[in-house]
Amino acid sequence: MAVQIYQSGYFITMVNGMEKIALFIDGANLYSATKSLGFDIDYKRLLKDFQGRGYVLRAFYYTTLVEDTEYSSIRPLLDWLDYNGYSVVTKPAREFTDSQGRRRVRGNMDIELAVNAMELAGHVDHIVIFSGDGDFRSLVEAVQRKGVRVTVVSSIHTQPPMISDELRRQADVFLDLVDLQARVGRDPADRSGRMQETPRFLERRTPTPSSDDDGPDA
């Protein structure tokens, strides 16, 4: 049963006594923040934590992928998320050659995240964005104009801070990852699901091996 109430300047549609929430996770940005803070996210615990705060209508995870490799270190995570309550959104990363002739990888999911957030804004009461990217300030403002509360999750405890000042000011609520670590961090004793190498969406590419190379060592 849905009931609409007025709270903190917003109309909130309660579903079985809970407000409707949507999560938007900028994968690369969140990975960089938690890596700097020295812990890993347990995505099962993260989803459960926010389900305890309200009715989670959608939980999106966004990342770019390098598609010219047989194996990506992030693929097991994406497969797990797909089967455990998350909507995974990916697109190919763009490769380019810098001024020194080195191959680089570039890509972000800002537009995809923004489009999905605007599409859902009319169906939820509360949007949670896991990113410190200042480019999302205008998105937060636009969503707020639709009567939706916005929480931004990032950190001021990294050097430099992962959260941009303008985004933090615009959000209705700012949650620091340090304060969430006890509830959504992976147990340090459990490293079975940890990515042991930098995901390819963050890796600085090295020149392709010559044709004389027999391939990776066993």
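This is a short tour of a predicted model, stop by stop, with what to select and what is there.

**Before you start**

Residues are numbered from 1 along each chain as its sequence is written, and side-chain values use heavy atoms, with hydrogens and water left out. Because this is a predicted model, local features need pLDDT of at least 70 and side-chain atom pairs count only at pLDDT 80 or more, while totals for chains, interfaces and linings use all residues.

Colour the chain by pLDDT, the predictor's confidence in each residue, from 0 to 100. The mean over the chain is 82, and 72% of the residues reach 70 or more. Next, select residues 1-12, where the pLDDT is below 50; beyond near neighbours in sequence, this stretch has 27 contacts in the model (contact means heavy atoms within 4.5 Å). Residues 192-218 also have pLDDT below 50, with 41 contacts beyond near neighbours in sequence.

**Stop 1: strand β3**

Select residues 18-26, which form β3. Helices (H or I, at least four residues) and strands (E, at least two) are DSSP runs here, numbered from the N terminus. Of the 9 residues in β3, 8 are buried; buried means under 20% relative accessible area, exposed over 50%, and partly exposed in between (1.4 Å probe, protein chains only).

Now add strand β4, residues 55-65, which pairs with β3 in the parallel sense over 7 bridges. Two strands count as paired if DSSP finds at least two bridges between them. For a landmark, find A22, which stands opposite R58 in β4. β3 also pairs with β8 in the parallel sense, over 5 bridges. There, the bridge partner of I21 is H126, and H126 is our next stop.

**Stop 2: H126**

Select H126 in strand β8, residues 126-130. Is H126 buried or exposed? H126 is buried, with a relative accessible area of 10%. Show its side chain and that of T151: the two make a polar contact at 2.7 Å. A polar contact is a pair of N or O atoms within 3.5 Å; within protein, one must be able to donate a hydrogen and the other to accept it, and residues adjacent in sequence count only if both atoms are side-chain atoms.

Leaving aside residues up to four places away in sequence, H126 touches E19, K20, I21, A22, V148, R149, V150 and T151. If you draw a C-alpha distance from H126 to V148, you should get 5.5 Å, although they are 22 residues apart along the chain.

**Stop 3: three salt bridges**

A salt bridge is a side-chain nitrogen of Lys or Arg within 4 Å of a carboxyl oxygen of Asp or Glu. The count comes to 7 by this rule; here are some to visit.

- Select R149 and E19, whose side chains meet in a salt bridge (2.7 Å, N to O). R149 lies in strand β9 (residues 149-154) and E19 in β3, so the pair ties together parts that are 130 residues apart in sequence. Both R149 and E19 are buried.
- Select R183 and D49, which meet at 3.0 Å, N to O. R183 is in helix α7 (residues 177-184) and D49 in helix α2 (residues 43-51), so this pair ties together parts 134 residues apart in sequence. R183 is partly exposed, at 37% relative accessible area, whereas D49 is buried, at 16%. Add R53 to the view as well: D49, R53 and R183 are linked in a network of salt bridges.
- Select E112 and K91, which meet at 3.4 Å, N to O. E112 belongs to helix α4 (residues 110-120) and K91 to strand β5 (residues 87-92), so the pair ties together parts 21 residues apart in sequence. E112 is partly exposed at 23%, and K91 is partly exposed at 27%.

**Stop 4: helix α7**

Return to α7 and look along its axis. Which residues of α7 are buried? They are L177, L180 and V184. These cover an arc of only 60° around the axis, which puts them on the same side of α7; the arc is that of the directions from the helix axis to the C-beta atoms. Their cover includes α1 (27-37), α2, β9 and β10 (173-176). Turn to the face away from the buried side to find the exposed residues D179 and A182.

Finish at D176, which caps the N-terminal end of α7: one of its side-chain oxygens lies 2.9 Å from the backbone nitrogen of V178.
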